[in-house]
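This report walks through selected features of one structure for a reader who has not met it before. The sequence and the structure come next, and the text follows them.

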Amino acid sequence: MDFNRIIIGIDPGTTVMGYGIIGINGKEMSIIAMGAIQLNKFESHYLRLKRIHERITGLVNQYLPDEFAIEAPFYGKNVQSMLKLGRAQGAAMAAALAHDIPIAEYAPLKVKQSITGNGGASKEQVAEMLRRMFGVPKDKMPHFLDATDALAVAVCHYYESSKPQTEKGCRSWKEFIAKNPDKVK
């Protein structure tokens with residue numbers, strides 16, 4: 001099937017990284033692929049980063065996405081975990097950048113809000129909403145919720161990028177006059 005747009009969504013992780021790829025035809029969304037990259041078999045953090053880059057590059061080459069959306073790491077208490085997660089995110093982003101694919105980042109709260117209407121939704125609630133949205137039978141859902149989280153990132157990006165862009169108003173008369181000299185007599 002041919003799509004107008006293909007969006008890859010990534011849920012970054014250092015032990016499991018999820019990916020979800022959707023195709024857009026008009027206003028119709030379809031799941032192209034989703035899954036998880038298991039990284040816990042690699043002892044070295046650097047080998048995990050290498051594997052992330054290789055797998056994301058492979059997905060990009062296979063599915064030729066037009067846009068790349070990734071979940072931004074949320075601020076946790078453990079600085080070392082945040083650093084590792086940021087590196088994993090960077091390795092995935094580098095694969096997109098190497099193919100000149102535009103990147104968008106979304107906070108976890110924004111992703112959950114766009115899928116369930118509740119920024120505090122659980123991973124299970126997000127997965128169930130996506131399952132219903134796309135009509136996926138329960139037995140065909142992925143084992144890892146990282147995959148559905150990544151699919152949610154792609155869907156969130158589709159929703160956000162499909163919103164009509166409105167021009168922001170002026171904050172003062174001075175700013176209005178500066179932007180619209182032809183409307184002043």
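Helices here are DSSP runs of H or I with at least four residues, numbered from the N terminus. The model is predicted.

**Salt bridges**

A salt bridge is counted where a side-chain nitrogen of Lys or Arg lies within 4 Å of a carboxyl oxygen of Asp or Glu. By this rule the count comes to eight salt bridges. The table lists three of them by the distance from N to O.

| Basic residue | Acidic residue | N to O distance |
|---|---|---|
| Lysine 123 | Aspartate 149 | 2.2 Å |
| Arginine 131 | Glutamate 128 | 3.0 Å |
| Lysine 179 | Glutamate 175 | 3.4 Å |

What does the bridge between aspartate 149 and lysine 123 tie together? Aspartate 149 belongs to helix 5 (residues 145–162) and lysine 123 to helix 4 (residues 123–134), so the pair ties together parts that are 26 residues apart in sequence. Aspartate 149 counts as buried because its relative accessibility is 8%, and the cut-off for buried is under 20%. Lysine 123, at 36%, counts as partly exposed.

The bridge between arginine 131 and glutamate 128 stays within one helix: the two residues are three apart in helix 4, and therefore about one helical turn separates them. Arginine 131 is buried, with a relative accessibility of 15%, whereas glutamate 128, at 23%, is partly exposed.

Lysine 179 and glutamate 175 are four residues apart in helix 6, so they too are separated by about one helical turn. Both partners are partly exposed: lysine 179 has a relative accessible area of 47%, and glutamate 175 has 23%. Elsewhere, Lys50, Arg51 and Glu54 are joined into one network by salt bridges that share partners.

**A nonpolar surface patch**

Helix 6 (residues 173–179) also holds tryptophan 173. With a relative accessibility of 68%, tryptophan 173 counts as exposed. Together with Ile177 and Val184, Trp173 forms a nonpolar patch on the surface, and the accessible area of the three residues comes to about 350 Å².

**Strands 4 and 5**

Strand 4 (residues 67–71) and strand 5 run parallel and are joined by four bridges. Phenylalanine 68 has isoleucine 103 in strand 5 as its bridge partner.

Which side chains of strand 5 (residues 103–106) are buried? Ala104 and Tyr106 are buried and point to one face, while Ile103 and Glu105 point to the other face and are not buried. The side chains thus alternate along strand 5.

**Two residues with positive phi**

Most residues other than glycine have a negative phi. Leucine 64 has a positive phi, near 50°, and is not a glycine. The residue sits in the loop between helix 1 (45–63) and strand 4. Leucine 64 is exposed, with a relative accessible area of 60%.

Aspartate 100 likewise has a positive phi, of about 55°, although it is not a glycine. Where is aspartate 100 placed? Aspartate 100 lies in the loop between helix 2 (79–97) and strand 5. At 71% relative accessibility, aspartate 100 counts as exposed, because the cut-off for exposed is over 50%.

Definitions and conventions. Residues are numbered from 1 along each chain as its sequence is written. This is a predicted model: local features need pLDDT of at least 70, side-chain atom pairs count only at pLDDT 80 or more; totals for chains, interfaces and linings use all residues. Side-chain values use heavy atoms; hydrogens and water are left out. Patches are made of residues with over 30% relative accessible area and no salt bridge: like charges are joined within 9 Å, nonpolar side chains (Val, Leu, Ile, Met, Phe, Trp, Tyr) within 5 Å. Accessible areas come from the Shrake-Rupley method with a 1.4 Å probe; for residues, only the protein chains shown count as cover. Buried means under 20% relative accessible area, exposed over 50%, partly exposed in between (1.4 Å probe, protein chains only). Two strands pair if DSSP finds at least two bridges between them.
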